[in-house]
Each structure stands twice: as C-alpha cells, then as structure tokens.
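Q: Hey, got a minute to walk me through this one? I'm new to it.
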2 protein chains.
Amino acid sequence: MSARDIAALLPDLHMLTVIAETRSLTQTARRLGIAKSSVSMRLKDLEQALDVPLVRRTTRSITLTPAGAQLVEQTRGSFAHIEQGVVGAKDLAGAPRGLVRVSAPVALGRQHIAPTIPALLSRYPDIRLELDLSDRFVNLVQEGFDLAIRHASRVPESHIAVALCASASVLLASPQYLARNGTPQHPAELARHACLLYLRDGSTASWSFERTTGRKATQRVSVPVSGPLRANNSEVLREAVAGGLGIALLPDFTAWSGPSAHQLRPVLPEWKPVGFFGERLQAIRPWSPRTPRAVQCVIDHLRKSLAEGFGDPQRLRSSV
Amino acid sequence: MSARDIAALLPDLHMLTVIAETRSLTQTARRLGIAKSSVSMRLKDLEQALDVPLVRRTTRSITLTPAGAQLVEQTRGSFAHIEQGVVGAKDLAGAPRGLVRVSAPVALGRQHIAPTIPALLSRYPDIRLELDLSDRFVNLVQEGFDLAIRHASRVPESHIAVALCASASVLLASPQYLARNGTPQHPAELARHACLLYLRDGSTASWSFERTTGRKATQRVSVPVSGPLRANNSEVLREAVAGGLGIALLPDFTAWSGPSAHQLRPVLPEWKPVGFFGERLQAIRPWSPRTPRAVQCVIDHLRKSLAEGFGDPQRLRSSV
DNA sequence: CTAGACTGTTCATAATTTTGAACAATCGAG
DNA sequence: CTCGATTGTTCAAAATTATGAACAGTCTAG
C-alpha cells in the first residue's frame with residue numbers, strides 16, 4: 001500500500017462515509033453536489049480497488065457490509081479531523097474574518113461594549129459582530145455563540161474562560177432613601193429595609209457579605225432580603241435606587257454609569273458582597289482545538305477596552 | 001465548509017503532507033507517481049481554494065509557511081490513520097492472504113511446527129510463511145516479524161501475547177550418567193555434577209527450583225551450576241545428555257522428541273524449574289489496531305497443533 | 001391491485017484533470 | 001566565473017472522470 005494508492009482512494013473513502021450516513025446513493029450525490037451516477041461508479045471502483053464488497057445493494061436500498069462498516073468506522077473521525085485542520089488553515093488567510101456571535105449582560109453591553117465596537121470593526125473590516133444582550137446564562141454551544149461575557153464563578157465543562165477585568169458588586173441606595181430610612185450599619189439590618197432584587201434563575205432571596213476583621217480572619221453574614229421590586233435588568237434596578245425606592249446589589253459597571261450615577265451612594269462599603277456577581281468579568285467560549293482568529297481579536301479588544309475596570313466611581317461619575 | 005468542499009481537497013491535502021516530507025515538488029511527484037506539473041498545479045489550486053499561501057517557493061527549493069506547516073501537522077496523522085483502515089479492509093477480502101514472518105525456537109520449529117506447515121498452507125493457499133528459527137529474543141518490530149513463538153515470562157511493551165500451550169522445563173540425564181555419578185536427591189547436589197548449560201544473553205550460571213512442601217508452602221532453592229559444555233541450541237544439549245555428558249535443563253518439547261528421547265531420564269521430578277523457560281509457550285506479536293487475518297490464522301493453527309502440549313513423555317517417546 | 005415516485009445502474013457525451021516537453025531560474029562543482 | 005544539473009512553472013494535447021437522460025426494479029399510497 002503505497003502513497004500513490006491511498007491518494008487516489010481518498011475522495012472515494014470520504015464518499016463512503018457520506019454513504020454510510022445517508023444510507024442512500026441518491027442522497028449522497030445530493031449532499032456532495034455530484035451526479036448520482038458518479039457515486040455509483042466511484043463506489044464500484046472503490047470496491048474493485050480494495051477487492052472487498054463494501055455495500056450490499058438492493059435496487060431500492062443499500063446496507064454496508066461488515067467490511068464497509070469497519071472501514072467507515074476507522075476513517076470517519078479522520079475526515080472530520082482533516083476538515084477541522086482545513087477550517088483552521090482557512091482562518092489564517094489574510095485579515096481576521098468571519099461572524100462572531102457574542103452574548104453579554106445587558107447593562108455592560110449598552111454602557112461599555114457598544115461604544116468600543118466601531119473601533120474594533122474599523123480595525124478588522126472583515127469581522128462581523130453579532131451582539132446578543134441578555135442577563136441569563138446562555139448555553140453557548142446550543143445557541144451557537146462564539147463568546148459570552150459573564151460574571152461567572154464557575155466555567156461550564158469543556159469551555160474556556162479568559163479574565164477581562166475586575167468587576168465587583170456594590171450595595172447602593174440614594175441619599176434620599178438613607179435619610180428617610182436610616183443608613184444600615186450591619187448587613188443584618190438589611191432584613192428590614194426595602195431591597196430591590198435582581199431576578200435570576202436559581203437565585204435565592206438572600207444576600208451574603210464578607211468582612212476582613214483581623215489579619216486573616218473573615219466574618220461572613222447571610223441575610224434574607226425582600227422589597228417592593230424585582231427585575232432581571234440591572235439598569236431598571238439602578239433607576240429604582242436612584243428614585244429612592246430602596247437598596248440594591250448591583251454590578252459596578254451598572255452602578256457607575258448612566259445619568260443617575262451621582263444620585264447613588266455605596267452602602268456598607270466595608271462589607272464585600274459574596275457569591276452573587278463574581279469578582280471578575282470573563283470571556284467564556286466553547287473549547288475548540290484552535291481559537292478562530294476573529295474570536296481572539298474580539299477577546300483581545302474587549303480586554304483592552306475594559307482593562308481599567310469599573311472600580312473608581314469618581315472617574316466614571318465625572319465622565320458621564 | 002461543506003462536505004463537497006472537503007472532498008475535493010482531500011487528494012491535494014494528502015499531497016501537501018508528502019510535499020512537507022520531501023520538501024520538493026519533484027520528489028513528491030516521483031513518490032506519488034504523477035507528473036510534477038500536476039503537483040505544481042494542484043498545489044496552486046489548493047492555495048487558491050484555502051486562500052492561504054501554504055508553501056514559500058524559491059525557483060530551486062520550497063519551504064512551508066506557518067499556515068502550511070500547521071495544516072500538515074493536523075492532517076498527517078489522519079491520513080496515516082485512514083491508510084491503516086484501508087489496509088485493514090483490504091485484509092478482509094476473500095481468503096486470508098499475505099506473508100507472515102514467524103520467529104520460533106530452533107527445536108520447537110524443527111520438531112513441532114515444521115510438520116504442521118503443509119496443513120496450514122494447503123488450507124490457506126494465499127498465505128505465505130517465512131519461518132526463522134532462532135533461540136535468541138528477536139526484536140519483532142525492528143526485524144520485521146509478525147509473530148514470535150517464545151517461552152516468555154514477560155511480554156515487551158506494546159506487544160500482545162497469546163498462550164499456545166503449556167510447556168515446562170525438565171531436568172534430564174542419561175541412565176549411564178546417573179549410574180556413574182549417582183542420582184541427585186536435592187538441587188543443592190547439582191553444584192558438584194556436570195551441568196550442561198543453555199547459553200542465552202543475560203542468563204546466569206545458576207538454576208532455580210521450587211517444591212511444594214505443605215498445602216500452600218513452597219520451598220525454593222537456587223544453585224550455581226557448571227559443566228563441560230555450553231550451547232545455545234537445546235537439541236545439541238539433549239544429544240550431549242543422551243551421550244552421558246551430564247545433566248541439562250531443557251524445554252519439554254526438546255526433551256521428548258527426537259530419536260534419543262528414550263535415553264533420557266527426568267532428574268528431581270518433584271522439583272519444578274523456575275524462571276528459566278516459562279511455563280507456557282506464547283505467540284507474541286507487535287500491537288496493531290487490528291490483527292491481520294493471515295497472522296490470526298497462523299496463531300490459531302499453531303494453537304490447535306500444539307494444544308496437547310509436550311508434558312507426557314510416554315506418548316512422545318512411543319511416537320518417535 | 002395499480003399508479004406513481006423513487007431506488008441504483010448504464011452509457012454516450014461533455015468537462016476536467018493529467019501529462020510531458022519546453023522553459024527560466026538557481027545552485028554547486030571545477 | 002562558467003557549465004551542467006536540477007528546481008518549479010507553463011501550456012497544448014491526451015487521458016481520465018463526471019454528467020444526465022434513459023432504464024429496470026421496488027416500495028407505498030390509495
């Protein structure tokens with residue numbers, strides 16, 4: 001079995017895998033975009049070359065012989081692998097190109113990602129972007145996303161996460177609300193305050209906080225909360241806070257952007273919220289042997305754009 | 001990237017792996033048995049189809065671009081795998097066929113394998129056999145053997161062993177020798193007997209024996225031995241024993257065959273030799289994803305032929 | 001039981017690919 | 001520096017392969 005022999009058989013072997021899938025020469029011809037007479041002829045040639053019957057034919061249907069099934073079993077994966085390689089090589093052509101579907105939190109997308117998109121697209125003219133803003137946890141593979149920007153504490157299996165920037169949650173209220181209802185001095189007091197809750201699948205109606213007391217000692221408190229408003233959009237909650245409706249736990253990128261930012265005051269600043277929004281923003285993507293260049297460009301762009309984080313209210317407040 | 005696209009590229013991708021190996025379009029053409037103009041043209045077509053330069057050409061030599069190298073790296077293994085599959089499928093055609101190279105111990109080969117070969121070859125007319133008789137441990141892969149018949153206690157890595165039949169070692173002497181020098185009653189006495197040694201790489205000049213004393217208790221003795229003759233051929237040793245030269249430790253298939261078998265007497269029959277020749281005869285072959293049918297036929301044939309083993313001196317003695 | 005749709009196969013024709021000689025560019029030995 | 005050998009490329013002719021309409025066998029809906 002020399003190299004010249006195998007080379008001639010390759011397209012026919014590949015065709016055989018399609019035949020095995022479709023179990024029909026006609027369908028195979030349609031899928032490969034060739035004449036069905038070619039399928040018939042090439043299959044015959046292949047069987048002749050290997051000197052083994054591969055397909056048992058009735059006039060109306062076909063079945064693989066054991067030899068044919070074995071052959072398909074061994075080669076199918078290889079053809080898929082080769083196809084991967086070709087896709088990877090194509091991606092290296094010229095400038096990064098292709099469609100990148102990104103899922104991102106609503107507030108982050110509107111306030112911080114959208115403004116940086118023109119710079120990205122003008123730098124890479126062949127990249128097309130599809131931005132899906134949603135605060136739910138999407139299934140990347142199932143819904144066909146290349147990238148999700150999330151506050152994720154844990155990364156789903158067979159996915160890869162890249163840290164973009166630090167991003168914490170902050171507890172907020174308006175000066176008016178605090179004047180009217182008093183300023184909480186301990187998380188436990190939140191139980192009798194009006195708390196505006198972010199709705200998320202599986203999120204409980206309680207907030208947890210942490211405070212470092214000694215060198216390494218930490219204090220942890222969990223408090224049940226309730227209030228007059230729940231919403232799954234952090235900007236809605238922020239405006240409600242600004243309007244004096246109550247206290248909310250919001251991601252910093254929502255808190256310090258928008259026109260109402262100056263109406264917000266941090267509450268219990270020495271207590272760090274735990275386990276609600278994570279401590280950093282991550283770009284999450286389904287694992288693949290090689291990252292498409294376009295996707296990598298988007299990730300890099302976001303990392304640069306968001307590098308400074310959202311931690312400094314002064315800066316953001318003055319810039320809005 | 002649809003199925004039809006990949007199918008058309010397959011021969012060209014395979015050609016690219018050959019180009020990567022030879023680093024020459026001319027050599028590639030020669031190895032694939034096609035015109036070098038075809039190589040040049042198809043390479044150009046492939047680059048056009050992928051829209052990536054794959055090979056950097058000087059008028060006199062070529063180098064792969066990073067994209068080309070990456071593509072080859074990803075696809076080469078797949079093509080090799082496909083080739084394996086084709087070889088496997090071809091093997092399923094018609095009757096088992098092909099050359100089987102077998103290495104076997106000299107005595108076993110002459111006395112027990114050779115007589116059964118005609119039956120094998122007449123049953124499978126398309127199988128060709130090459131029998132290499134040698135008592136050394138051959139390197140199967142390096143020397144191109146498909147099969148080795150050995151007393152092996154341990155099987156080399158990435159090899160597979162199939163047990164053929166039981167086969168032990170026996171300690172032998174002639175009646176004359178025993179009459180002249182006395183019959184040993186304990187292995188320790190062997191140290192002052194004339195012991196005929198089998199020469200093998202790394203074999204020490206000592207014999208070990210084991211005896212079951214109680215229910216589960218075993219006694220073990222190792223004794224240094226020496227004598228007037230060493231040889232790496234067990235039949236030579238057997239004849240020497242028959243001639244009264246001394247005591248030898250021989251595999252049973254050597255002991256109980258040949259015209260001199262009736263001149264031999266077991267010595268210390270209640271002591272079992274340990275770690276010299278193993279307890280069973282094995283067929284050892286290099287691992288491969290699928291056993292060629294011809295090789296499997298030879299193994300099965302040997303197992304049937306040798307099934308009865310060599311343990312019964314009476315039977316063999318009378319048949320020779 | 002029958003008509004129609006669909007199966008895989010055949011074969012002359014059309015399209016494509018392969019071929020080999022001619023060619024310019026390059027390397028290496030003397 | 002020069003000559004001969006060898007590299008990869010080009011292009012019209014030749015060989016190979018694909019095509020699609022016609023065909024016979026088979027299944028299914030009514």
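Q: Let's start with Asp51(B): where is that residue found?
A: Asp51(B) is in a chain B loop, the one between helix H3 (36–50) and strand E1 (55–57). Keep in mind that this is a predicted model.

Q: OK, and what's the phi of Asp51(B)?
A: About 65°, so to speak a plus sign on a residue that is not a glycine. As a rule, most residues other than glycine have a negative phi.

Q: What about Ser158(B), which loop is that in?
A: Ser158(B) belongs to the loop of chain B between strand E5 (147–150) and strand E6 (159–166). Its phi is positive too, near 55°, and Ser158(B) is a residue other than glycine.

Q: Switching topic. How many salt bridges are there over all chains?
A: A search of the whole structure turns up 25 salt bridges. One pair to look at is Arg101(A) with Glu130(A), whose side chains meet in a salt bridge at 2.7 Å, N to O.

Q: Which parts does that pair tie together?
A: Arg101(A) lies in strand E3 (residues 98–104) of chain A and Glu130(A) in strand E4 (residues 127–133) of chain A, so the salt bridge links parts that are 29 residues apart in sequence.

Q: And why can side chains like that pair at all?
A: Because side chains of opposite charge can pair when their charged atoms come close.

Q: Which ring does the charged end of Arg101(A) sit over?
A: That would be the ring of Phe145(A), with the charged end 4.6 Å from the ring centre. In chain B, Arg101(B) lies over the face of Phe145(B), at 4.5 Å from the ring centre.

Q: How many aromatic pairs are there, then?
A: The search of the whole structure finds 0 over all chains.

Q: Now the contact between the chains. How many residues does it take from each?
A: Chain A gives 38 residues and chain B gives 37 residues. The area buried between them is about 3700 Å², and carbon and sulfur atoms give 67% of that.

Q: How many salt bridges and polar contacts are there between chain A and chain B?
A: The salt bridge count between the two chains is 0. For polar contact, the interface has 8 residue pairs, both residues at pLDDT 80 or more.

Q: Which helix supplies the largest share of chain A's side?
A: H4(A) does, with 17 residues. Altogether, the residues on the side of chain A that touches chain B split into 21 nonpolar, 10 polar and 7 charged.

How values were computed
Residues numbered from 1 in each chain as written. Chains lettered and ligands numbered in written order. Predicted model: local features only at pLDDT ≥ 70, side-chain atom pairs only at ≥ 80, totals over all residues. Heavy atoms only, no water. Phe/Tyr/Trp six-rings, centres within 6.5 Å; stacked < 30°, edge-to-face > 60°. Lys NZ or Arg CZ within 6 Å of the ring centre and 35° of its normal. Contact = heavy atoms within 4.5 Å. Buried area = accessible area lost by both parts, 1.4 Å probe. Salt bridge = Lys/Arg side-chain N within 4 Å of Asp/Glu carboxyl O. Polar contact = N/O pair within 3.5 Å; in protein donor to acceptor, adjacent residues only side chain to side chain. Helix = DSSP H or I, 4+ residues; strand = E, 2+ residues; numbered from the N terminus. Nonpolar A, V, L, I, M, F, W, Y, C, P; charged D, E, K, R; others polar.
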